[in-house]
Structure formats: C-alpha cells, structure tokens
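Here is a short briefing to read alongside the model. Please keep the viewer open as you go.

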Amino acid sequence: MSLSVDIRHQLGDTALAATFETEGGVTALFGRSGAGKTSVVNAVAGLLRPREGRIVLGDRVLLDRAAGIDVAVHRRRVGYVFQDARLFPHLSVRGNLLFGAPDDRHLGRIADLLGIEGLLDRRPRALSGGEKARVAIGRALLSDPALLLMDEPLASLDQARKEEILPYLERLRDEAGLPILYVSHAVEEVARLANTLVLLDRGQVVRAGPAEALFADPGLAPMLGPRAAGALLSGQITAHHADGLTEVAVSGGRLILPGVGGAEGRRLRVRIEAQDVMLSLTRPEGISALNILPARVTTLHDGQGPGVMVQLAAGKDLILARITRRSAEALALAPGTECYAVIKSVAVAPGDVGRS
Ligand SMILES: Nc1ncnc2c1ncn2[C@@H]1O[C@H](COP(=O)(O)OP(=O)(O)OP(=O)(O)O)[C@@H](O)[C@H]1O
C-alpha cells in the first residue's frame, strides 16, 4: 500500500518541509537528532497537525489542509511503536497484546510471528527489553493497522537484543504486507530493513528513494557517516562449507562470508562497508582476502579529508570503496577503469547480512 506525505510546519526554529512517497515495505526516516523524524511520524499518526499539506495512505486521504480534511488519530488505522515499549504493567502480555484489538482472531499468528507465544501469561516486569519490544510491536499489529509507525523501536536495547529483534522485523516487512514507517539514526538498522530511505536534515528531506541506490551514492556518504557508508548487494546462498563459511552468489561473482544462517537458495542483502574494500588494478594473487570481484569504476567523490569515495559496478550491483586520494592517483582511477574489489570475509559482520 502506498503512502504519500507532503507537509509543511513550523517547529520552533525548524521549518519542517517533508515530501516523499513510498510503495510499501519499510520506509526509513534517517537523520541526526533534531532532523524532524519524529515530527513526520507524528504528523502521519495525527498527533502533530501540520499547518499545510496532504497525507494519503492507499486510497484514504488522512490530511488535506486545502480541502479541510484532517482524520482523527483513532480513525487513521495506524499502529505506533515507541522507543520505550510503553506496556501496561498491570496487564499480562496477552492483555497488553489485546488492548485495542478488535478481537483475538490474530493473536496466535502474531505471537508466532514475533516469537512471544510462550510469554502470554507473564507480566511486563518479567520480560527482557527485547521481549518487551516484541510485545509492543505485537500490540500495534493486533490493533489491525493499515500502517505501522516505529520510532526508534530498538534504541533502548543493547547490540545483542537488537540482533535478536532484527530478524522479526525482517519477517514483518516481508510477510505482514503492511507499510512500515521506521525512524532510526542507526545506519546498520536502516541498511538491514529499509526498502525506501528518506534522508532528513534540519527539517528538510535531503533525498528520498530506493535504499540500494541511496546507500551506493558516494555523495551521500558524509550524511550517512563516512565510516558507516557502504553499499547493499543482493545475493543468494549457494553453499555452506564445513569450515563455517557460507558462499553467496552476487551478480558480479561470489562472496565467501562467515557463517550466514539460512537454507541454500535464500535471498540475502549484504552490506559491504566502504572502508572494508581495497582496490587492485590486477587480480591479486597470494592474498588472504577471500573475496575478489571484478569491477569497473563509475564515479569518484572527494571527501573533506584525504579520502575519496569510489563507486564501482560489479555485475548489476554497486560497491563503494573508501580509499585515500593518494591511492586513487597512484592507480590513476577514473570512470571506466577496470579493477578488482578486494573484501576480507571477516569484515562482513553477521549484522550486515539480512533477508531480502
Ligand atoms: N513542539 C515543539 N516546539 C518547538 N520545537 C519543536 C517542537 N517539537 C519539535 N521541535 C523541534 O523540531 C526539530 C525536530 O524535532 P524531532 O523530534 O522531529 O526530531 P528527530 O529527528 O525525531 O530527533 P531525535 O532523533 O532527537 O528524536 C527539533 O529541532 C526540535 O527541537
């Protein structure tokens, strides 16, 4: 289901002006603190009432200032998951899940989707942070929403709990069939989940579009953080090896990655960080790195320091490599240069690999 947002509002000193469209899946709102992410989500929920604009979900107009339409919060059919789970302490997990649900028909399916079937009779105080987050997501889903809003749902969790929940969020994205507007300022999370990326800065949308294209854009690296920049490759598991490595076919060749779970044939999204990619003009021999992909330089983008971000085409995928300007000059890299992208297997962390 599509969502179209086109709003303007004054927030103190910040002029919020957000325009973007998405066809469904996960749309991530990304930007630094104060960029306006929560305000956009609140406007979609109906909690913030923009001075001007239009918000349309599927064929329902939620807001149209010019036409005098402003649908009330409880009629918008949006589920909202906050950073802190906000569960009711006096209700069991079952009671929390069914609070606001029209009936309990979907309780079993949603509890199964989120892996909380065994927790239904517990009270929130007897849950871990990750379990609380999953119950909060379940409660939002059971209210029969047409759209799910998630404002930093993992921000209060440690890395291990985040890793625990991300696969459930991927399932939700792929199986629940409802659009998700997802606020985060964690690049890894956005890289795992987003189909569409909306980059916000000081209240304005800087860029909006398909996540793969934006992650591969060297010009956006400063905004994502040069150390966090990295392209997304789509691949498919072809074999699990006895030494714990997994072979993944990508359009430009094959990658050997450390222990990726999933059956052969499973489609994956792999994030390769730009700082983990080396470039060579000849195919390297006698090197420990297991991944060597033939590639062609498409663009070079100067950073502010001594670094340069190189975008390469490897098959149908784009890769980013962050190298020094000195190296780029020594190799005489220019658009069209044929080279090899060299990636250490262990540089790809388990959190960089997700379902696609
Ligand atoms: N009611 C308000 N009155 C005045 N200014 C506001 C109000 N609400 C938000 N702002 C300002 O608008 C800007 C955007 O805030 P918002 O909470 O949407 O940002 P955010 O990107 O979600 O930030 P964070 O990542 O810190 O949650 C901030 O500068 C904030 O101070």
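Helices here are DSSP runs of H or I with at least four residues, strands are E runs of at least two, and both are numbered from the N terminus. With that in hand, P218 can be placed in the loop between α7 and α8 (221-224). This is a predicted model, in which local features need pLDDT of at least 70, side-chain atom pairs count only at pLDDT 80 or more, and totals for chains, interfaces and linings use all residues. Residues are numbered from 1 along each chain as its sequence is written.

**The loop residue P218**
- P218 counts as buried because it has 24 C-beta neighbours inside 10 Å (buried means 20 or more other C-beta atoms within 10 Å of a residue's own, exposed 12 or fewer, and partly exposed in between, with C-beta atoms placed from the backbone).
- Leaving out residues up to four places away in sequence, P218 touches T299, H301, M309, Q311 and L320 (contact means C-beta atoms, placed from the backbone, within 7 Å).
- One of these partners, T299, is 81 residues from P218 in sequence, yet their C-alpha atoms are 8.1 Å apart.

**Two domains**
- The protein divides into domain 1 (3-215) and domain 2 (230-355), with bounds that come from an automatic or database domain assignment.
- Taken over C-alpha atoms, the domain centres are 32 Å apart.
- Where they meet, 10 residues of domain 1 are in contact with 7 residues of domain 2.
- On the domain 1 side, α5 (159-176), α6 (187-193) and α7 (211-215) each give two or more residues, and α5 gives the most, with 4.
- That side of domain 1 has 4 nonpolar, no polar and 6 charged residues (Ala, Val, Leu, Ile, Met, Phe, Trp, Tyr, Cys and Pro count as nonpolar, Asp, Glu, Lys and Arg as charged, and the others, Gly among them, as polar).

**Around the ligand**
- The shell around the ligand includes G34, K37, T38 and H185 (a residue is near if its C-beta atom, placed from the backbone, lies within 6 Å).
- Helix α1 (residues 37-45) gives the most to this shell, with 3 residues.
- By class, the shell has 2 nonpolar, 9 polar and 1 charged residues.

**Strand β16 and its partner**
- In β16 (residues 277-280), V277 and L279 point to one face and are buried, while M278 and S280 point to the other and are not.
- Strand β16 runs antiparallel to β20 (residues 338-343), joined by 4 bridges (pairing needs at least two DSSP bridges).
- Opposite V277 in this pair stands I343 of β20.

Methods. Two residues are in contact if their C-beta atoms, placed from the backbone, lie within 7 Å.
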